[in-house]
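Biologist: I have not looked at this one before. Can you walk me through it?
Modeller: Yes, here it is.

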Amino acid sequence: LAKATVSRLTSTLVQAGFIRRVLGKRNFVLSTGALGIGHSYLSTSSLLNAARPLLQSLADRLDASVALAVQDGIDMLYVSHCGSRKIATLKLRVGLILPMGTTAIGRAYLWGLPPQEQKQLLLTFQKSAKENGEQLIHDIHESFTELDATGTCFVSGGYIKNSFGVALSLRLGANQTRFAMSCGKTLLPESLVEERRTIATELKRTASELKKLLSNLDAKI
Amino acid sequence: VTAGDEQRQDTNNKASAQKTLFIRPFVAPFARALDLLSAFGKDERCLGNLELSKRADLPSSTVTRLAHTLVSLGYLHYHDNIRKFSLASSVLSLGYGALDSPIIHQATKESMSSFTRNHNVHLILCSREKLDLIVIDSYKTPAFPETLQLEVGAQIDLSAPVAGWALMAGLPEYECSYLSKSLERKTPHSWSHADPKFNDALNQVRQTGFCTPPKDANLSIPMVAAPLHISGSVPLAIACLAPRSKMSKSRLENELGPALVSMTNQIVREVDLNESKK
């Protein structure tokens, strides 16, 4: 954008309460404007409110962090997140935007997409990863193979170092909106194989409970 | 929205801005789109054109045009059957995630929950949105009914004693007086910039670090509040609430006020320490 445009836009954002200037500096930081809108969205979404107890109970049972995400452009957006009460997974929260190509939740979502949309996104990711593009696509296809075989995929270190996620793709509500759901933990090398199996089983169980619970809800998300 | 449109709006706004002595560039259609998103509240999910036009104070033709643009951008849904709009998930990507800041929660969680336990009071952490305070964290006490305690997302008038006063008192002087004058413009019946009560509150914060309600405020749930400035975060205030029977003037001034201040100081020290470690 042109500099003049940027300055007119930032000025508008300041006056609307979305950003503010750092005292004595030329930088801006986010202000609370978006917080109110986000709260309104979250507190009136009947689907997310209905889903939360099931997600929280899964998080508590597994002592893990559980998230529900939708597509936001070429990224994934957390629309619901429940942490376990025992671990403070501070980096993860509602409103988080994370890459689709490198995370379990993103790959599960990608896998569930119609072929044409999936192909287009894969091309975009390959391009933007430049020299690592081929490797990335290879890794994504490995996750797809796993999803074909087991319904879930496992990715470690996709977003946070020393942690892993297990994810699946699901459609919820009266209009069958596409979501992905994941369950993440920090790495425990010894029991990983078993841990992963338990999580996948529990995740699938919660997914089918969610489908049943939300089948009649308007799921515009 | 055409460029010509934008220019016209700009000129209009410049004219009105001059009246308030500020000349700032302003992209009106953009600001209106933000107003439209902000018009959605916490009670009703779906709003029709008429309701939106009332709440955002925009002509209904503008609402129609903007709302459809926002639908195509993924910020709103249109519900055909009821001809109403609702917020869509992309509004969370406008900064909600960054704002619902883990830094703030992490820095305040421990101290605030132990304060609530030790003093049997309800604590809230607030930040400002325009002329309202928004509760961004809430610590409840079993010591009094839950219905009297505030939830995250609750809004409080900035002008109501004393959480908003404490937050304003913690701001640089020009910002504080700008807000106070804006309050006067918006709610002339309930706020006067020259009100000695507010001035007393500012002085009290300067001297003691906290602020208590004026004598005649007669609040059913009195509170004492203190500003909190964590580096890298928006200006905040912490307020401590309890029923009147448990909040004598001397308890407010001698126990809770000073305890609140020592807690905010400690929070700031810990954040600075962690920053310098990094």
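**A first look at the two chains**

Modeller: Of the 221 residues in chain A, 49% count as buried. Keep in mind that this is a predicted model.

Biologist: How many helices and strands does chain A have?
Modeller: Seven helices and eight strands. Among contacts in chain A between residues at least 6 apart in sequence, 55% join residues at least 24 apart.

Biologist: On to the interface. How many residues does the contact take from chain A, and how many from chain B?
Modeller: Chain A puts in 39 residues and chain B 49 residues. The area buried between chain A and chain B comes to about 4100 Å², with 65% given by carbon and sulfur atoms.

Biologist: Which three residues supply 15% of the area that chain A buries against chain B?
Modeller: Arg8(A), Ile37(A) and Lys220(A), and that is more than any other three residues supply.

Biologist: How many salt bridges does the rule find across the interface of chain A and chain B?
Modeller: Zero. For polar contacts, the rule finds five residue pairs across that interface, both residues being at pLDDT 80 or more.

Biologist: Which elements of chain A are on the side that touches chain B?
Modeller: Helix H1 (3-15), helix H2 (33-44), strand E3 (65-72) and strand E4 (75-82) of chain A each supply at least two residues to that side. H2(A) gives the most, with twelve residues. Sorted by class, the side of chain A that touches chain B has 19 nonpolar, 14 polar and six charged residues.

Biologist: And salt bridges over all chains, how many does the structure hold?
Modeller: Ten over all chains. One of them joins Arg61(A) and Glu202(A), whose closest N and O atoms are 2.8 Å apart. That pair links distant parts of the chain, with Arg61(A) in helix H3 (residues 46-62) of chain A and Glu202(A) in helix H7 (residues 192-213) of chain A, 141 residues apart.

Biologist: Is Glu202(A) buried or exposed?
Modeller: Buried, with a relative accessible area of 13%. Arg61(A) is at 44% relative accessibility, so Arg61(A) counts as partly exposed. There is also a network of salt bridges that links Arg61(A), Glu202(A) and Arg205(A).

Biologist: Which residue forms a salt bridge with Glu195(A)?
Modeller: Lys185(A), with 2.7 Å between the closest N and O atoms. Glu195(A) is in helix H7 of chain A and Lys185(A) in strand E8 (residues 177-186) of chain A, ten residues apart. Glu195(A) counts as buried at 17% relative accessibility, and Lys185(A) counts as buried at 16%.

Biologist: What about chain B?
Modeller: Asp216(B) forms a salt bridge with Lys197(B), the closest N and O atoms being 3.6 Å apart. Asp216(B) lies in the loop between H9 and strand E6 (223-228) of chain B while Lys197(B) lies in helix H9 of chain B, so the pair ties together parts 19 residues apart in sequence. Asp216(B) counts as exposed at 54% relative accessibility, and Lys197(B) is partly exposed at 34%.

Biologist: Different topic. How many aromatic pairs does the structure hold?
Modeller: Five over all chains. In one of them, the rings of Tyr78(B) and Phe85(B) have centres 4.9 Å apart and planes at 50 degrees, so the pair is tilted. Tyr78(B) is partly exposed at 25% relative accessibility, whereas Phe85(B) is buried at 3%.

Biologist: Why is the pair of Trp165(B) and Phe198(B) edge-to-face?
Modeller: Because the ring planes of Trp165(B) and Phe198(B) are at 80 degrees, with the centres 6.0 Å apart, and planes over 60 degrees apart count as edge-to-face. Trp165(B) is in helix H7 (residues 163-169) of chain B and Phe198(B) in helix H9 (residues 196-208) of chain B, 33 residues apart. Trp165(B) counts as buried at 6% relative accessibility, as does Phe198(B) at 4%. Ring pairs link Trp165(B), Trp191(B) and Phe198(B) into a cluster.

Biologist: Anything to note in the backbone?
Modeller: Most residues other than glycine have a negative phi, and most peptide bonds are trans. The peptide bond from Pro161(B) to Val162(B) is cis, with omega near -5 degrees. Val162(B) lies in the loop between strand E5 (155-157) and H7 of chain B.

Biologist: Where does Arg83(B) lie?
Modeller: In the loop between strand E1 (76-79) and strand E2 (84-87) of chain B. Phi of Arg83(B) is positive, near 55 degrees, and Arg83(B) counts as exposed at 65% relative accessibility.

How values were computed. Residues are numbered from 1 along each chain as its sequence is written. Chains are lettered from A and ligands numbered from 1 in the order in which they are written. This is a predicted model: local features need pLDDT of at least 70, side-chain atom pairs count only at pLDDT 80 or more; totals for chains, interfaces and linings use all residues. Side-chain values use heavy atoms; hydrogens and water are left out. Contact means heavy atoms within 4.5 Å. Buried area is the accessible area (1.4 Å probe) that two parts lose on being put together, summed over both. A salt bridge is a side-chain nitrogen of Lys or Arg within 4 Å of a carboxyl oxygen of Asp or Glu. A polar contact is a pair of N or O atoms within 3.5 Å; within protein, one must be able to donate a hydrogen and the other to accept it, and residues adjacent in sequence count only if both atoms are side-chain atoms. Helices (H or I, at least four residues) and strands (E, at least two) are DSSP runs, numbered from the N terminus. Ala, Val, Leu, Ile, Met, Phe, Trp, Tyr, Cys and Pro count as nonpolar, Asp, Glu, Lys and Arg as charged, and the others, Gly among them, as polar. Rings of Phe, Tyr and Trp (its six-membered ring) pair if their centres lie within 6.5 Å; planes under 30 degrees apart count as stacked, over 60 as edge-to-face and the rest as tilted. Buried means under 20% relative accessible area, exposed over 50%, partly exposed in between (1.4 Å probe, protein chains only).
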